[in-house]
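Me: Please show me the model. I would like to work through it by question and answer.

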Protein chains: 2
Amino acid sequence: MLEVLRAADDHPTAAEVYERVRRASPRIGSATVYRTLALLVSTGRALELNLGDGAAARYDANTRRHDHAVCDGCGRAVDIDHPVPDGMMAEIARRSGFAITGYDLQFRGLCPDCQANGSDPARTAGGTGQQ
Amino acid sequence: MLEVLRAADDHPTAAEVYERVRRASPRIGSATVYRTLALLVSTGRALELNLGDGAAARYDANTRRHDHAVCDGCGRAVDIDHPVPDGMMAEIARRSGFAITGYDLQFRGLCPDCQANGSDPARTAGGTGQQ
DNA sequence: GTGATACTGAGAGTCGTTCTCAACCAGCGG
DNA sequence: CCGCTGGTTGAGAACGACTCTCAGTATCAC
């Protein structure tokens with residue numbers, strides 16, 4: 001299962017992980033996939049992503065701290081490795097009074113492919129908003 | 001409905017909005033609430049928030065660009081008004097090739113209340129991870 | 001009043017996820 | 001080899017959030 005996740009260069013949803021794992025062991029059930037995914041996440045060997053489009057959670061075997069850019073056209077998510085400056089975190093902690101332990105950051109826009117193929121976001125026109 | 005949202009200083013879920021609206025007009029149905037919420041979001045008079053905890057979407061009548069800090073203890077979300085520097089956006093756009101139109105940023109940690117009341121995250125221990 | 005149109009509420013349906021429970025399996029003592 | 005125990009599994013039911021469908025109702029022009 002972790003192998004399936006490691007082999008995936010995209011960010012598969014639980015359903016996609018289920019489908020891929022089923023190719024290797026067809027008798028597996030979805031409950032086991034969700035259980036194992038939860039286990040991997042809780043032991044820190046995978047990351048659960050909520051890419052803010054209200055859709056299913058995605059999973060990522062890249063456990064280093066990183067963010068994502070999500071394409072409004074095709075829904076693809078690519079990794080972004082560019083941390084928020086510490087100074088900004090400290091400033092926000094100071095202003096809000098929160099003890100900040102982490103953050104989730106997703107950029108949205110159009111991936112190079114969708115920019116090339118004319119810019120009509122065919123998929124989930126609208127998206128989550130919050131912009 | 002927009003009044004209910006404007007009166008809310010928290011960030012209510014659709015179910016909470018439904019409940020509050022129902023106090024004013026008890027015969028309203030949930031479909032109408034979801035429809036109206038979607039309308040408000042699509043006309044830019046409200047913001048839909050996915051706070052990444054896998055739970056229901058939240059709504060916010062504050063339509064200015066802003067981010068949120070979510071408490072791992074009580075689930076409360078407070079507004080943060082501290083934009084990501086333009087330089088960082090440009091750098092990420094350049095590196096990823098994306099035409100970036102916006103971003104969603106949520107900080108997580110413990111709010112001042114939960115820091116005071118001992119720091120056992122009673123609620124959704126675990127959270128979304130991605131950190 | 002009549003018909004066209006738009007909106008509404010109730011409830012069914014869908015989707016992603018979690019729960020429940022019987023079946024199964026490995027390990028162990030006899 | 002047999003039965004027991006405790007953990008894991010898969011199937012399917014259950015759940016919560018959300019969307020769809022459809023009949024009923026309101027609104028309007030005529």
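The questions below cover confidence, symmetry and the DNA strands.

Reply: This is a predicted model, where local features need pLDDT of at least 70, side-chain atom pairs count only at pLDDT 80 or more, and totals for chains, interfaces and linings use all residues. Residues are numbered from 1 along each chain as its sequence is written, chains are lettered from A and ligands numbered from 1 in the order written, and side-chain values use heavy atoms, without hydrogens and water.

Me: Which element of chain A has the highest mean pLDDT?
Reply: pLDDT is the predictor's confidence in each residue, from 0 to 100. Chain A averages 84, and 89% of its residues score at least 70. Over residues 119-131 of chain A the pLDDT is below 50, yet this stretch has 34 contacts beyond near neighbours in sequence (contact: heavy atoms within 4.5 Å). Among the elements (DSSP runs: helices are H or I, at least four residues; strands are E, at least two; numbered from the N terminus), helix α1 (residues 2-7) of chain A has the lowest mean, 86, and the highest, 94, belongs to α3(A).

Me: Which residue of chain A comes closest to the rotation axis?
Reply: Superposition is by least squares on C-alpha atoms of residues with pLDDT of at least 70 in both copies. A rotation of 180 degrees with 0.0 Å of shift along its axis places chain A on chain B, RMSD 0.0 Å. The two copies are thus related as by a two-fold rotation axis. Closest to that axis, at 2.2 Å (C-alpha), is A:L105.

Me: Which elements give two or more residues to the surface near DNA strand C?
Reply: Near means that a heavy atom of the residue lies within 4 Å. A phosphate oxygen of strand C is 2.9 Å from a side-chain N or O atom of A:Y34, and one is 2.4 Å from such an atom of B:T32. The elements asked for are α3 (30-42) of chain A and α3 (30-42) of chain B.

Me: Which residue has a side-chain N or O atom 2.9 Å from a base nitrogen of DNA strand D?
Reply: Sugar and phosphate account for 62% of the atoms of strand D within 4 Å of the protein. Polar contacts (N or O pairs within 3.5 Å; within protein, one must be able to donate a hydrogen and the other to accept it, and residues adjacent in sequence count only if both atoms are side-chain atoms) reach its phosphate oxygens from the side chain of A:T32 at 2.5 Å and the backbone of B:A57 at 2.9 Å. The base nitrogen is contacted by A:R35.
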